[in-house]
Amino acid sequence: MTIRENLEAVRERMRLACERCGRAEEEVTLIAVTKYVETERILEAVNAGVTEIGENRAQEFTEKLTFYKQHGLRAHFIGQLQTNKVKYICGKADLIQSVDREPLLDAIGGYAERNGIVQDILIEVNIGRESQKGGVLPEALPALVERIAEKPGLCLHGLMCVPPAIEREAVRPYFREMKKWYERLKSAYPTLPIDTLSMGMSHDFDVAIEEGATTVRVGTAVFGPRKMTGGQQNG
């Protein structure tokens with residue numbers, strides 16, 4: 001199948017998921033995950049209507065940034081971010097989805113303030129409590145939110161998660177728990193622009209939509225299998 005055909009299939013799965021849970025299709029944003037995808041193939045997705053992309057690696061994000069800008073793409077950074085790579089991402093990514101610890105938010109907030117910008121972010125939650133994955137544990141979420149609220153260079157828009165890699169229906173409780181934390185966040189901080197719950201990838205994004213995702217991150221189902229050299233999967 002072509003990338004255009006893959007996108008049509010993904011959008012149909014999204015449409016059906018929205019239909020099953022009584023949501024409007026416009027409530028859910030598709031992010032095409034472009035890790036290890038050449039710009040020529042990304043352009044095929046752009047020509048098929050993709051407007052938002054997600055990148056996992058700081059180096060790859062930097063290499064593709066001019067392409068993203070040329071094609072008016074909204075660029076999300078969705079991978080684990082090291083503090084020494086913040087300068088390559090902060091102010092360039094429209095949304096950093098993977099803020100998960102105080103040293104990182106301090107680095108992003110400090111860089112943003114020094115450069116007179118406000119960086120939109122999500123907090124990544126380790127909803128499956130997996131030691132090998134990034135993300136703040138759910139019970140530590142309120143304290144991290146308070147730290148973010150103290151930093152004028154950061155603007156919190158919501159939450160992201162990468163749940164355990166298990167059978168698609170078995171992951172539903174994790175998405176459901178994320179939705180509860182998201183609603184608590186909105187309720188506790190009514191002055192913040194909390195509008196994004198990023199969860200669901202190629203094999204389970206329709207389940208995530210049914211459980212309240214506002215954003216899904218889809219890579220393999222759009223671009224086909226890619227050679228992965230390790231690290232956290234986000235699409």
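A nonpolar core is a set of buried Ala, Val, Leu, Ile, Met, Phe, Trp, Tyr and Cys residues joined through side-chain atoms within 4.5 Å. With that term in hand, the tour of this predicted model can begin.

**The nonpolar cores**

Select I108, I123, L159 and V216: these residues have the most contacts inside the largest nonpolar core, which has 68 residues. Next, colour helix α1, residues 3-21; this helix gives the most to the core, with six residues. A further core lies apart from the largest one; it has five residues, and L122, M160, V162 and M201 are among them.

Return to V216 and display its surroundings. Neighbours within four places in sequence aside, V216 is in contact with M14, V28, T29, L30 and I31. The same list of contacts for V216 continues with M199, G200, F205 and I209.

**Helix α2**

Move to helix α2, residues 39-47, and select I42, A45 and V46, the buried residues of this helix. Turn the view so that it looks down the axis of α2: the buried residues fall within an arc of 105 degrees, and therefore line one face of the helix. On the other side of α2, select E40 and N47, both of which are exposed.

What do the buried residues of α2 pack against? Their partners are α1, α3 (58-70) and α9 (220-223). Before leaving this region, step to G49, just after α2, where phi is positive, at about 110 degrees.

**The second largest pocket**

G49 also serves as an entry to the next stop, since G49 is one of the residues that line the second largest pocket. The volume of this pocket is about 200 Å³. To show its lining, select R11, M14, R15, C18, E25, V28, T29, L30, G49, V50, T51 and E52. Two elements, α1 and β1 (29-33), give two or more residues to this lining. Helix α1 gives the most, with four residues. Colouring the lining of the second largest pocket by class shows five nonpolar, three polar and four charged residues. M14, V28, T29 and L30, already displayed as contacts of V216, belong to this lining.

**R172 in helix α7**

For the last stop, select R172, which is placed in helix α7, residues 172-188. Is R172 buried or exposed? Its relative accessible area is 14%, under the 20% limit, so R172 is buried. Show also V207, E210 and E211, which R172 touches when residues up to four places away in sequence are not counted.

Key. Residues numbered from 1 in each chain as written. Predicted model: local features only at pLDDT ≥ 70, side-chain atom pairs only at ≥ 80, totals over all residues. Heavy atoms only, no water. Buried < 20%, exposed > 50% of the residue type's maximum accessible area, 1.4 Å probe, protein only. Contact = heavy atoms within 4.5 Å. Arc of directions from axis to C-beta. 1 Å grid on protein atoms, 1.4 Å probe; cavity = no way out; pocket = protein on both sides within 12 Å on 5 of 7 lines; lining within 4 Å. Points joined across faces, edges and corners; volume = space filled by probe spheres on them. Nonpolar A, V, L, I, M, F, W, Y, C, P; charged D, E, K, R; others polar.
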